[in-house]
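Student: Please take me through this structure step by step, starting with any word I'll need.

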Amino acid sequence: MLGKNDIRDMLINEYKVIKQLATKLPEGSEDYRISEGQRSTIELLRYLTLIGPATVHAALDNGFSWFAANAPASEQVTLAEVPAYLDGAMAETSGLLDRMSDEDFASKPVSVEGMGDWTIQTWLLNTACKFVPAYKLMLFNHAKAAGNHEIGTWDAWLDNGEVPAPPSA
């Protein structure tokens, strides 16, 4: 089974890819919506600044009180501020997981109302490890649909700003 450092590292890499994707959004696409009723690009980015750490806090608090307390401030985040907020999400997620014992990670019970009973490990595998990559791909789709036709799979999966893209075929 994956350990807390594996989960942390996976989430941090996802956030690095999200930061790179945010730089590839077409100018003026902040208010773009793929369809009515879906989040705009800026709303999606604001949500991404919260959801990773929110799931870790939910595991520790057995609820989403941290998310509720932090959501109003995130609603004011501008596109220019997103990278700093994503850095904050990485730091918060890392800090919470780094302070957690391996034993708590593997066996401490989590019971979030209406969402079943888990351990911290299985909770994060079924929340953060699904939510962050899924919303990252939604951001990729926003960038593509809003007009950046130059991006491709590398940008969606591996461009964390640290590994060079492979040569084009």
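Tutor: Sure: "buried" means under 20% relative accessible area, "exposed" means over 50%, and "partly exposed" is in between (1.4 Å probe, protein chains only). This is a predicted model, so local features need pLDDT of at least 70 and side-chain atom pairs pLDDT 80 or more, while totals for chains, interfaces and linings use all residues. Residues are numbered from 1 along each chain as its sequence is written, and side-chain values use heavy atoms, with hydrogens and water left out.

Student: Is Glu 43 buried, exposed or partly exposed?

Tutor: Glu 43 has a salt bridge with Arg 33, at 3.0 Å from N to O; that term means a side-chain nitrogen of Lys or Arg within 4 Å of a carboxyl oxygen of Asp or Glu. Arg 33 sits in the loop between α1 and α2 and Glu 43 in helix α2, so the pair ties together parts 10 residues apart in sequence. Arg 33 has a relative accessible area of 38%, which makes Arg 33 partly exposed. For Glu 43 the value is 30%, so the label is again partly exposed.

Student: Which residues are joined into one network by salt bridges that share partners?

Tutor: Seven salt bridges turn up in the structure. One of them pairs Arg 8 with Asp 98, with 2.6 Å between the closest N and O atoms, and it spans 90 residues from helix α1 (residues 4-23) to helix α4. Arg 8 is buried at 17%, whereas Asp 98 is partly exposed at 43%. Through shared partners, the network consists of Arg 8, Asp 9 and Asp 98.

Student: How many residues apart are Asp 155 and Lys 24?

Tutor: These two form a salt bridge, and their closest N and O atoms are 2.5 Å apart. Asp 155 is buried at 11%, and Lys 24 is buried too, at 18%. Asp 155 belongs to helix α8 (residues 153-157) and Lys 24 to the loop between α1 and α2, so counting along the chain (helices being DSSP runs of H or I, at least four residues, numbered from the N terminus) the separation is 131 residues.

Student: Are α2 and α4 roughly parallel or roughly antiparallel to each other?

Tutor: Axes are lines fitted to C-alpha atoms over the stretch in contact, and angles run from 0 to 180 degrees between N-to-C directions. Helix α2 (residues 41-61) packs on helix α4 (residues 82-99) at about 10°, with the axes 10 Å apart. Angles under 35 degrees count as roughly parallel and those over 145 as roughly antiparallel. The two helices are therefore roughly parallel.

Student: And α1 and α4, are they roughly parallel or roughly antiparallel?

Tutor: Their axes come within 10 Å of each other and cross at roughly 180°. Among the α1 residues that meet α4 (contact means heavy atoms within 4.5 Å) are Arg 8, Leu 11 and Tyr 15. The angle therefore makes α1 and α4 roughly antiparallel.

Student: Which element gives the most to the largest nonpolar core?

Tutor: A nonpolar core is a set of buried Ala, Val, Leu, Ile, Met, Phe, Trp, Tyr and Cys residues joined through side-chain atoms within 4.5 Å. The largest one has 41 residues, and Tyr 15, Leu 124 and Leu 139 touch the most other members. Elements giving two or more residues are α1, α2, α4, α6 (120-126) and α7 (128-145). With nine residues, the top giver is α2.

Technical notes:
Parallel < 35°, antiparallel > 145°, perpendicular 65-115°, else oblique.
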